[in-house]
Amino acid sequence: MAHKKNGEKESKKWVLMATARSPTNIAVIKYWGKRDETLILPVNGSISVTLEPSHLSATTTVAVSPSFDRDRMWLNGKEILLSGGRYQSCLREIRRRAEDVKDEERGICIKREDWEGLHVHIASFNNFPTAAGLASSAAGFACLGNVTLFMCSFCPCKLMNVKEETTELSSIARQGSGSACRSLYGGFVKWAMGNKEDGSDSIAVQLANETHWEDLVILIAVVCSRQKETSSTTGMRESVETSSLLQYRSQVVVPRRLIQMEEAIQKRDFPSFAKLTCADSNQFHSVCLDTSPPIFYMNDTSHRHVQLCFLIYCIYVHGEIRLIIGLVERWNQFEGTPQVAYTYDAGPNAVLIAPNRKVARLLLQRMLFYFPPPSEKELDSYVLGDTSILQEAG
Ligand code: ADP
Ligand code: DP6
Ligand code: CO
């Protein structure tokens, strides 16, 4: 246990805290389905793009103290149960890797073996809708892994992208939420499915850093910020059990697409990138429909409230999801070559990718034309946190 100069009573008083922020990532070749539920090993590889941490991210503070009698966690200000296997696996993995920690200034000394008996309090906030298909679990578990491993090793290098460290972190974050391992890097990231039983080769690797394709602009249209009815974890479990399309997708389609997507990214070939991105999103949602009972993540009746984040700008518009797909498809067909890509995760919110600012501006104009902003009253109630307008819309 921690040792303080003034005896045991004093030692109960210390609290060690650390805070980190991690961005979300949006998959352009989707992960959907696990071959191992405990270790979180996927049925296929996936590729994503990591967003700017200042745009969509999770911020997590972890505190450890001998006066805490159990692990507790607050998500967006509300206490949640940590009994779920994913939090326990994540914390167990971290404790297993804990090292001796010394804070000489405050007289704190924690031995490697003491971590098992110490409890944590975790507080995390997402600056975007949670469990609404914008990969909050990715930002959340990348952040939890990052901050906790940092704290129980007290070594600043753990926060940097030192190769060995990120491999370790990959495995910790992945065991919280599969998509989280991709949030440990910026830019374009591949999560290799790996084939070892212990999961040691199922890790994220950076394909290209954030400066590689700087012209790309990503717009996020928050159609509905309500929590989805079927979590990604449950949804993909049901797809694995019942969808034959998923078997074909994971064994035949995705391996081919991963190669094509890597090539499109390396060459900054937007038309190929856009075609693959849209096709993969559509196939993923087809797998959801092919699941029994079917899962509808893109449900257009509940999708009237659209909040559009354009880099640092935030605009509120109304719209329906199929209309957004229709708008992009018609535009791409009219031009004869893809101008804009769309992709939807397990939720109704649209992620639109434009090749440059000029096209992004046009896209924004069109979005605002087709989905004009809500009235002042609606906006006020939204800003004041009254979500009844969202419920009504559904
Ligand atoms: P999403 O599409 O937002 O990733 P998921 O169904 O995959 O939705 O995961 C949502 C779950 O992820 C939440 O119910 C919660 O358990 C977990 N989660 C979300 N944000 C955080 C966070 N910041 N820290 C820890 N866990 C989080
Ligand atoms: C549609 O990583 O949230 O966003 O591993 O069960 O936590 P768990 O699932 P999660 O699934 C993400 C699915 C997806 C596609 C993707 O991000 O690749
Ligand atoms: Co998720």
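In what order do the four strands of the open sheet lie? Keep that question in mind as you turn this predicted model in your viewer.

**Stop 1: the sheet**

Select strands S2, S5, S12 and S13, and you have the open sheet in its order, S2-S5-S12-S13, with antiparallel pairing. Now colour the two edges: S2 covers 25–29, and S13 covers 204–208. Each of these edge strands pairs on one side only. Tilt the view to follow the twist, which averages 35 degrees from one strand to the next.

**Stop 2: inside the sheet**

Next, select residues 46–50 for strand S5 and residues 188–191 for strand S12. The two run antiparallel and are joined by four bridges. To pick out a bridge pair, show Ser48 together with Val189, its bridge partner in S12. As background, strands in a sheet pair through backbone hydrogen bonds.

**Stop 3: a helix pair**

Leave the sheet and select helix H2, residues 85–97, along with helix H3, residues 136–151. Their axes lie 10 Å apart, and the helices pack at an angle of about 25 degrees. Angles under 35 degrees count as roughly parallel, so that is how H2 and H3 are described relative to each other. Look along the crossing, too: H2 passes H3 in a right-handed one.

Finally, show side chains where the helices meet. From H2, take Cys90, Ile94 and Arg97; from H3, take Phe141, Leu144, Gly145, Thr148 and Leu149. Colour this contact by class and you will find five nonpolar, two polar and one charged residues.

Technical notes. Residues numbered from 1 in each chain as written. Chains lettered and ligands numbered in written order. Predicted model: local features only at pLDDT ≥ 70, side-chain atom pairs only at ≥ 80, totals over all residues. Axes fitted to C-alpha atoms, helices over the stretch in contact; angles between N-to-C directions. Parallel < 35°, antiparallel > 145°, perpendicular 65-115°, else oblique. Left-handed = near helix turned anticlockwise from the far one by under 90°. Contact = placed C-beta atoms within 7 Å. Nonpolar A, V, L, I, M, F, W, Y, C, P; charged D, E, K, R; others polar. Pairing = 2+ DSSP bridges.
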